[in-house]
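Trainee: I'm new to this structure and I'd like a close look at a single part. Could you take me through the place where the metal ions sit, and the sheet around there?

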Amino acid sequence: MELHDENSFKIRSYQSALIALERGDQDIMTLSESELSKINGVGKSILEAIRQLKETDSFTLLDELIAKTPEGILEVLQIKGLGPKKVKTLWEELGITSTHELMEACQSGKVAKIKGFGEKTQNTIIANLEFTASNAGKWLFADIEETIEGLQAKFESLAKDAEVAVVGDFARKMEIIHQAEFLIATDNPASISSALTADGSFEWNLAQSGPKTLRGQLQELDLQVWVHFCEQADFCWKKLAFTASALHLQTKVDEKETVAQKLRKGNFSTEPEFFSVNELQFIPAELREGFGEIALAKENKIPELLKDEDLKGILHNHSTYSDGKHSLRQMAEHCRDLGYEYLGISDHSQTAFYAGGLDVEKIQKQHEEIDSLNKELAPFRIFKGIESDILSDGKLDYENEVLASFDFIVSSVHSILNMDVKRATSRLITAIENPYTTILGHPTGRLLLRRQGYPIDHKAIIDACAANHVVIEINANPWRLDLDWRWVSYALEQGVMLSINPDAHEMDGYADMKYGVLVGRKGGLTKEMTLNALSADEIGNYFDKRLGKIKVKK
Ligand SMILES: [Zn+2]
Ligand SMILES: [Zn+2]
C-alpha cells in the first residue's frame, strides 16, 4: 500500500488491525465474524478481507496491489534496509524492478546520486544484496526439518527393502542446511533411481548425476536434494563418511591413517564398532566436525552431552508486560504444564520503547504479580528478571537500586548495531563487568541468513565473562543460535557456564529450546555447565549468592 501511495489513514488502519490480530491468541481463520469484529481495529473492510481470505487465500485489495507491482519489486522489497518508500523512489527514478537491476545501478554509482540515498546507503544495499544472494538455497535447520523428514519417509516407502539414512549437514544438526542429503542401500539402484526420476516433486540435474548419485532440487522449494546409492555391505561406512564433515574425515586417527582411510577398510559392521576397532570413544554425529573430537575420543574425554530432559527451567522470556503475546500467568502455567520447575521472566527494559520496555512503575507491578503467582503456583517458581538493553556506552538500563530488585538480568544489545569490533567488544565488556549482569544475551545480535551480527572479539568477551562469572546465553531461537556453537568449547574451557534460552515471546516459543540444545551439543555442552539444568532451589541459591556478593561489596 505504501508502494502504491494508498491513503495513509487506510494504511494505518490495516497496520493496527494486523498488530491486534497478531497479538490475539487464536487462529483468525477459525474465528467467527462476531468474534473478529470484537477485536480492536477490525472494521468492515478488514472483516471482508478475512472473509475472502478464508475462501480464496487472497483478497481484492491484495490482488489489485500485486497486479500493479512488477514481480521483481517484491524481491527488492525483501532486501534489508530498503523500505517501501525507498523502493518506490528507485522504481520511479531509475526504473529498477528487480534485484539484478538494483545491483547494476549500485555498481555504476547511480543509486548514490539519488536524493536521500548517498554513498553509504548504496554500499549497504550492495552488501545486503550480496548477503541475500550468498544465502539463496540455504535453510535454517528448524525451517527445513519437516521437509527433510518427509523426504526420508518418502524414500523409505519408495524403496521398501532398502535402508535409508539422512546424511550430510542435517545429520550433523548444522544450524544452516545447504542441501538435503540421503544415502540409500539397495541391490537395485536403477529401479529406485527411475522411480525418483519419474516423481514430479523433483527436478533432477542429470548432468550432475550418475548411477550412484542423483542430484537435483525440489520443485516447490529452493532446496538441493542429493541421493547417494550404495550396496548393503557398504552402508555403515558410507553413512559415516557422508555424515562427517570434510575436516573430520581428514583428521589423523594415528600416525598412519585418517578417519577416511580407516572408514574405507570397512572392518566393522556397526557405527559403535567402527570407533571401538580404532580405539576411539564413540563420537556422536553432531560432533563429527574436525574440531578436536578425535583427540578427545582417543583420551576418552568426549563428555556426556546435554539432553532436552536435563533442562529444569526456562530463562529469558517475554510477556504482555513488554512485547510478548501471552500474559505472565499464561507463560508461567504453560511452562509448569510442560514439566519445568521454574520460569525466568525477562521483559524488555525502559529504553526499548518500541518493544514496550518496562518503566519502574511497571516493574513494581510485575513483581507484585510474580509474588502472588508464586504463592499460588508453588512449588513452581517465577524468577524476576529483565532483559536490560546494553546502552551505547555499555551501561545497563536502570539505576542500581532498580537493578538490585531483580533475581537475574539478561543484558543484551538491541540498538546501534552498526559497530566495529573494537567498539562492540568494549561495549559488551562494560556490561559484563557490571555486577548486575547475570547472563549475556544473544552476544552478536546475528539473525542467521538475514543479517550478520556486529563483529565481536569472542575470546575477549568470553574471558571477561569468565573473570566476572557471567553466564553466556545460547539463544535458542532458530534465527539466532547465538552464542555460535563454534565458541562453546572455548567458553567451557574458561569455566564459563551457558544457558539455553528460548527468548520466547509466546507460549509456543518454549519449543525452540530443542534447537538451543542441538547447537549446545555441537559445541560439547554438558548438563553440569548449563545454568538452566539447575533445579529451582539450586538456581534460586545461585541468584541469591550473586546478589549477596554485590551487597557485601557496597
Ligand atoms: Zn533480545
Ligand atoms: Zn529477549
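Mentor: Here is a walk through the metal site, the sheet and one cavity.

Some ground rules come before the tour. This is a predicted model, where local features need pLDDT of at least 70 and side-chain atom pairs count only at pLDDT 80 or more, while totals for chains, interfaces and linings use all residues. Residues are numbered from 1 along each chain as its sequence is written, chains are lettered from A and ligands numbered from 1 in the order in which they are written, and side-chain values use heavy atoms, with hydrogens and water left out.

Let's take the zinc ion (ligand 2) to begin with. Its protein donors are H316 and H318, each through NE2, E387 through OE and D503 through OD, and they lie 2.1 to 2.2 Å from the ion. A donor here is an N, O or S atom within 2.8 Å of the metal (3.2 Å for Na, K and Ca), and water is not among the atoms, so sites may look incomplete. Along the chain, these donors follow the spacing H-x1-H-x68-E-x115-D. H318 and D503 link distant parts of the chain, 185 residues apart: H318 is in the loop between β8 and α18 (328-337), and D503 is in the loop between β14 and α24 (513-522). The helix and strand names come from DSSP runs numbered from the N terminus, with helices being H or I of at least four residues and strands E of at least two. Both H318 and D503 are buried. Buried means under 20% relative accessible area, exposed means over 50%, and partly exposed is in between, using a 1.4 Å probe and protein chains only.

What about the geometry? The four donor atoms of the zinc ion (ligand 2) make angles of 83 to 171°, and the site is irregular. That label is what remains when other shapes fail: four donors count as tetrahedral if all angles lie between 85 and 135 degrees, while four count as square planar and six as octahedral if opposite donors are over 155 degrees apart and all others between 65 and 115.

Now for the other metal. The zinc ion (ligand 1) is coordinated by E387 (OE), H414 (NE2) and H442 (NE2), at 2.1 to 2.2 Å. Its donors follow the spacing E-x26-H-x27-H along the chain. Here E387 and H442 link distant parts of the chain, 55 residues apart, with E387 in strand β10 (residues 381-389) and H442 in the loop between β12 (439-440) and α22 (458-467). E387 and H442 are both buried. You'll have spotted E387 in both lists: E387 bridges the two zinc ions, ligand 1 and ligand 2, which lie 3.3 Å apart.

Next comes the sheet. It is an open sheet of seven strands in the order β8-β9-β10-β11-β12-β13-β14, with parallel pairing. Two strands pair if DSSP finds at least two bridges between them. At the edges are β8 (313-317) and β14 (498-501), each pairing on one side only. β8 pairs with β9 (residues 342-348) in the parallel sense over three bridges, and one bridge partner there is Y342 of β9, matched with G313.

Let's follow E387 into its neighbour. β10 and β11 run parallel and are joined by five bridges, and the bridge partner of E387 in β11 is V410. V410 in turn has I439 as its bridge partner in β12, where two bridges join β11 to β12, again in parallel.

β11 deserves a longer look. Five of its five residues are buried, so β11 is largely enclosed by the rest of the structure. In a regular strand the side chains alternate between the two faces of the sheet. For β11, both faces are covered: F408, V410 and S412 are buried on one side, as are I409 and S411 on the other.

β11 also leads us to a cavity. A cavity is a set of points, on a 1 Å grid over the protein atoms alone, where a 1.4 Å probe fits but cannot get out, and lining residues have an atom within 4 Å of a point. The count comes to one cavity of 30 Å³ or more, and the largest cavity holds about 70 Å³ of space. Its lining includes F408, I409, Y436, F543 and R546. β11 (408-412) and α25 (536-553) each supply at least two lining residues, and α25 gives the most, with four.

Technical notes. 1 Å grid on protein atoms, 1.4 Å probe; cavity = no way out; pocket = protein on both sides within 12 Å on 5 of 7 lines; lining within 4 Å. Points joined across faces, edges and corners; volume = space filled by probe spheres on them.
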